[in-house]
Amino acid sequence: MIAAHPEGGTLVGRATDAFTRYRAGERSALDELVETVTPLLWRTVRETGLDTSAAEDVVQTVWLSLLRKAETIRDPHSVVKWLIISARREAWRVSKRVRTDVVRTAAVFGVDAEETLDLPDQRESLPEETVFRDEQQRQLWHHVQELPARCRQLISVIAFADRPDYSLIAESLGMPVGSIGPTRGRCLAKLRGLLAGDPHWEGQLS
Amino acid sequence: MTDLTPHGGSDPADAPLDATDQAVLAEVATMLDDVDPVPADLVERVQFALALDAMYDEVAQMTRMLDDALAVRTDLADAVRTETLTFSAERLTAMVTISASGPGQVRIDGWVTPAGVRRVSLRMQGSDREVTCDESGRFVAAGVREGFVQLIFHPTDTEDDGGLVVTPLFKL
């Protein structure tokens, strides 16, 4: 049997371990893999601008594709990279096609209370004030939106990973080597700069 | 922890990741979890969709759309909830319309091309079902309980190299 977390228990390590066991015939390891990586895929897809229901479809499609192509992934360590790249590709493809449909559908559902209840959680791209815990969190959301799109994507996805995995995930997102880890990188430095100039954040973390 | 202000002089981007960076990232994760959480049952639904026994060759791409004709209907009391989904794969294209047919029940009307007699499996939590496309490629599944369903399209009678095409799980 393989030791519990041979790669130190980071997200990529746990995913690699689960994928290896799945390919060795342990069916339940696939469920573990799904549980481990889905939050990262959710963020990756949502950062491309898809609404929640389209994002759910994309996440499912990517997993179904993995099941079909599992044998073609030579190095189990690259399973997270494969999933992130596939998720971005699928999300861009879908967003091109459905953007107009989604807008129209939401507008129609918006006038029909019963339909709205039937729908999965639909959130505005600008969250309502009530979803924020406090003013500091609200400001953080705004500062993250102020970042260039690529930086926003990187920061939002990286935030759900473990430090040793940053470089691999940044690379999977198509960011240049060294965009984060071991150094802070341009994107995080920008966010730090924005927070440093915000009275709600000044001194909060010191 | 250190001061938020980047140190003067050298480029702050070149500084090593420090505890404050980690704290900021943790705050970002908490904020995103509050503002845009992973839907509660998404993991379970993915696990269900992956638990199919069949070996499949393609995952159909799903597009949701609302029927325009119904969208503009003004008599809401009379309106029937109808949704149309399209599925595209290399082997086939399908259009599926879901309409409410009674309390908690829906009717599924499908049309698959290329046309031909083929089986369509409906995988649902709790029950599975199978219907058959007629020669024109149409199929009907009436009296289906509301919930989530995953479709599996089988090859037609006349296809030699027919592999299975599966869809993501979608809501009825």
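**A buried helix and a two-chain contact**

Let's start inside chain A of this predicted model. Helix α2(A) is largely enclosed by the rest of the structure, because 14 of its 19 residues are buried. Buried here means that 20 or more other C-beta atoms lie within 10 Å of the residue's own.

Now look along that helix, which runs over residues 28–46 of chain A. With 19 residues at 1.5 Å each, α2(A) should span 27 Å, and its end C-alpha atoms do sit 27 Å apart, so expectation and model agree. There is a kink on the way, though: α2(A) bends by about 40° at V37(A), shortly before the proline P39(A).

Next, step across to the other chain. The contact between the two draws on 61 residues of chain A and 47 of chain B. On the chain B side, the elements giving two or more residues are α1 (19–35), α2 (42–50) and β2 (61–66). Of these, α1(B) supplies the largest share, with 12 residues. Sort the chain B side by class and you get 32 nonpolar, six polar and nine charged residues.

One helix pair is worth zooming in on. Two packed helices are described by the angle between their axes and the distance between the axes. For α3(A), residues 52–69, against α2(B), the angle is about 35° and the axes are 10 Å apart. Their crossing is right-handed. From α3(A), the touching residues are E56(A), V59(A), Q60(A), W63(A), L64(A) and L67(A), and they meet L42(B), R45(B), V46(B), A49(B) and L50(B) of α2(B). This helix-to-helix contact has eight nonpolar residues, one polar and two charged. As for the spacing along a helix, residues three or four places apart point the same way, because an α-helix has 3.6 residues a turn.

Conventions: Residues are numbered from 1 along each chain as its sequence is written. Chains are lettered from A and ligands numbered from 1 in the order in which they are written. This is a predicted model: local features need pLDDT of at least 70, side-chain atom pairs count only at pLDDT 80 or more; totals for chains, interfaces and linings use all residues. Helices (H or I, at least four residues) and strands (E, at least two) are DSSP runs, numbered from the N terminus. The expected span of a helix is 1.5 Å times one less than its number of residues. The bend at a residue is the angle between axes fitted to the seven residues ending there and the seven starting there. A residue is buried if 20 or more other C-beta atoms lie within 10 Å of its own, exposed if 12 or fewer, and partly exposed in between; C-beta atoms are placed from the backbone. Two residues are in contact if their C-beta atoms, placed from the backbone, lie within 7 Å. Ala, Val, Leu, Ile, Met, Phe, Trp, Tyr, Cys and Pro count as nonpolar, Asp, Glu, Lys and Arg as charged, and the others, Gly among them, as polar. Axes are lines fitted to C-alpha atoms, for helices over the stretch in contact, and angles run from 0 to 180 degrees between N-to-C directions. A crossing is left-handed if the near helix is turned anticlockwise from the far one by less than a right angle, and right-handed if clockwise.
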